[in-house]
Amino acid sequence: MNTISYHYDAEKITTGILHIGVGNFHRAHQQFYTNAILESEDQKQWGVCGVCLLPSDENIVRSLRAQNLEYSLTVCGRNGTDEVYKIGSLRELIWGVEDPEAVINKIADPSVKLITLTITEGGYNLDKETGAFILNGEKIQHDVKNPGTPSTVFGFVAEGLRRRKRKNSGGITILSCDNLQHNGNTAKRAFTTFIEAQDKELVEWMKTHVSFPNSMVDRITPAVSPEDVERLNEKSGIEDLAPVYCEDFIQWVIEDNFIAGRPAWERAGVEFTDDVTAFENMKLSLLNASHTLLSYPSFLMGYRKVDQAMEDQDVVKFVRNFMDTDITPLVPAPKNTDLEDYKKTLIERFANHSVSDQVSRLCFDGISKFPVYIIPNLIIMIKAGMDLTRVAFLTASYRHYLKYRTDDHGHSYEIGEPWLTAEDQKLIDDENALAFLGLSAFKGADLKGSVKFTELYTEFANQIKNKGTGPVLKSIIK
């Protein structure tokens with residue numbers, strides 16, 4: 001196995017980027033690009049200061065600190081050849097639970113020109129129906145009223161910006177790296193709404209000192225189990241407490257709207273553009289939506305790895321029919337992009353045995369994923385009178401997954417839905433399948449108002465319960 005080490009002197013790198021949410025995807029994606037450009041003499045000021053804000057982050061913080069913040073990234077090739085990169089671009093790591101003042105002061109540091117975020121789709125705290133920021137939550141209200149002792153990402157950023165303003169530290173860019181439509185606009189709405197409730201003067205300052213570019217990110221990065229740690233270290237020969245692995249495909253398209261300068265990420269393959277909309281639509285509607293589409297049926301059929309599910313030709317046809325029939329008419333290809341080639345590559349990526357992503361990871365937090373990946377196109381499909389078969393089957397599969405918690409083979413499982421409300425649970429528990437269509441994940445669409453959708457969905461819900469997911473899937477593929 002080929003190991004690629006960085007050649008820059010890590011001790012001479014300074015931190016110009018503060019990243020909130022030091023998870024696997026960030027370490028396989030943004031750090032990968034940043035690690036590459038730090039080889040250039042004129043980029044030494046763009047090292048990353050990582051920030052973790054959750055109590056559950058303790059393990060990753062301790063592991064990375066134990067090895068001087070360096071870690072290994074195994075890039076798994078579709079041809080079966082893997083490459084290991086040693087990543088040294090993470091130069092500082094602050095755990096907000098342990099030292100909240102350090103987080104705030106770092107945001108206010110004039111050398112920091114860029115805050116990047118991977119806080120998940122649900123982390124932006126938006127109402128699924130209106131898209132408005134939810135101000136009345138307990139933690140949010142605490143942070144609005146107690147600016148000096150924040151606990152949420154919004155409170156930390158607000159207090160950091162306030163000190164930045166007070167110190168005349170200059171402008172800063174906040175760059176979302178999460179899978180959201182117009183993620184920069186979304187981040188701007190969330191942070192601005194919060195700060196307006198807390199400090200109207202600061203909002204005025206932000207208008208000329210903070211920018212929020214949109215971006216599209218892409219690289220399949222599975223969760224890492226203890227068994228994976230052992231396997232990756234055995235293959236690489238590196239004793240790493242926090243290794244990461246990912247696919248060989250990588251993409252990052254960013255709106256070039258940086259108020260205080262930016263890294264020259266284009267040298268490592270990042271594409272800067274005036275408008276990322278077409279790239280966002282393509283990726284969210286084809287990759288992310290297809291991931292959601294295959295997740296619940298595949299899990300119910302007993303598959304636990306995505307590449308195993310993609311060995312089932314029924315699953316492959318199901319996904320390909322969705323891409324070709326349901327989504328392609330709605331997604332204009334970005335400039336210089338061959339949509340047919342993009343879809344073919346997606347199928348190859350899903351089937352990559354070296355990555356072997358977890359189906360459970362794709363199932364996780366459907367409440368936040370449906371409103372972003374599925375509902376926008378479903379609304380268009382209903383209005384246009386398009387075929388709703390596959391999306392109705394997906395919705396019925398999602399209900400079965402949440403309600404019965406037992407797959408086709410009788411194996412029980414736990415669900416991962418951090419944003420599920422008590423009201424959602426009542427709708428899941430209801431024996432009337434139509435009640436489920438009132439779930440918070442579907443609030444943006446009037447699913448009950450479509451006779452065509454409700455008939456298909458109700459029939460699929462009954463069939464899955466009586467026959468199992470696999471036979472029902474087989475009946476709908478072309």
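**His-400**

I began with the surroundings of His-400 in this predicted model. Setting aside residues up to four places away in sequence, I found His-400 touching Leu-300, Arg-405, Thr-406, Tyr-413, Ile-464 and Lys-465. His-400 sits in helix α16. Is His-400 buried or exposed? Its relative accessible area is 11%, and because buried means under 20%, His-400 counts as buried.

**Tyr-413**

One of the contacts of His-400 is Tyr-413, so I went there next. I located Tyr-413 in the loop between α16 (389-404) and α17 (422-429). With 9% relative accessibility, Tyr-413 is buried, too.

Which residues does Tyr-413 contact, leaving aside neighbours within four places in sequence? I noted Phe-299, Leu-300, His-400, Tyr-401, Arg-405, Thr-406 and Asp-407. I also picked up a polar contact here: the side chain of Tyr-413 reaches the backbone oxygen of Tyr-401 at 2.8 Å. Leu-300, Arg-405 and Thr-406 are on the contact list of Tyr-413, and they are on the list of His-400 as well.

I checked one distance to a residue elsewhere in the chain. Ser-360 is 53 residues from Tyr-413 in sequence, and their C-alpha atoms are separated by 9.9 Å.

**Nonpolar cores**

Tyr-401 turned up again when I looked at the cores. The largest nonpolar core holds 111 residues, and the ones with the most contacts inside it are Ile-20, Phe-350, Tyr-398 and Tyr-401. Which element gives this core its largest share? I found that it is α10, with ten residues. As a reminder to myself, nonpolar side chains tend to be buried together in soluble globular proteins.

I then followed Ile-20. Beyond its neighbours within four places in sequence, Ile-20 is in contact with Val-51, Leu-53, Ile-115, Thr-116, Leu-117, Thr-118, Ile-119, Val-153 and Val-157. There is also a second, separate core of 39 residues, with Val-22, Val-75, Ala-242 and Trp-252 among them.

**Cavities**

How many cavities of 30 Å³ or more are there? I counted three.

The largest has a volume of about 50 Å³. Its lining consists of Ile-220, Glu-247, His-291, Val-306, Arg-349, Phe-350, Asn-352, Val-355, Ser-356 and Asp-357. I sorted that lining into four nonpolar, three polar and three charged residues. Phe-350 was already in my notes, as one of the residues with the most contacts inside the largest nonpolar core.

The second largest cavity encloses about 40 Å³. Asp-178, Asn-179, Leu-180, Asn-183, Ser-215, Met-216, Val-217, Glu-280 and Leu-284 line it. By class, I get four nonpolar, three polar and two charged residues for this lining. β10 (215-218) and α10 (277-300) each supply at least two of the lining residues. The largest share, three residues, is from β10. I had met α10 before, as the element with the largest share of the largest core.

**Arg-91**

My last stop was Arg-91, in strand β6 (residues 90-95). Is this arginine, Arg-91, buried or exposed? The relative accessible area of Arg-91 is 16%, and because the cut-off for buried is under 20%, I recorded Arg-91 as buried.

Which residues does Arg-91 touch, not counting those up to four places away in sequence? My list reads Ala-10, Glu-11, Ile-13, Thr-15, Gly-47, Val-48, Asn-68 and Leu-69. With Ala-10 there is a polar contact as well: a polar atom of the Arg-91 side chain lies 3.1 Å from the backbone oxygen of Ala-10.

Note on methods
Residues numbered from 1 in each chain as written. Predicted model: local features only at pLDDT ≥ 70, side-chain atom pairs only at ≥ 80, totals over all residues. Heavy atoms only, no water. Helix = DSSP H or I, 4+ residues; strand = E, 2+ residues; numbered from the N terminus. Buried < 20%, exposed > 50% of the residue type's maximum accessible area, 1.4 Å probe, protein only. Contact = heavy atoms within 4.5 Å. Polar contact = N/O pair within 3.5 Å; in protein donor to acceptor, adjacent residues only side chain to side chain. 1 Å grid on protein atoms, 1.4 Å probe; cavity = no way out; pocket = protein on both sides within 12 Å on 5 of 7 lines; lining within 4 Å. Points joined across faces, edges and corners; volume = space filled by probe spheres on them. Nonpolar A, V, L, I, M, F, W, Y, C, P; charged D, E, K, R; others polar. Core = buried A, V, L, I, M, F, W, Y, C linked by side-chain atoms within 4.5 Å.
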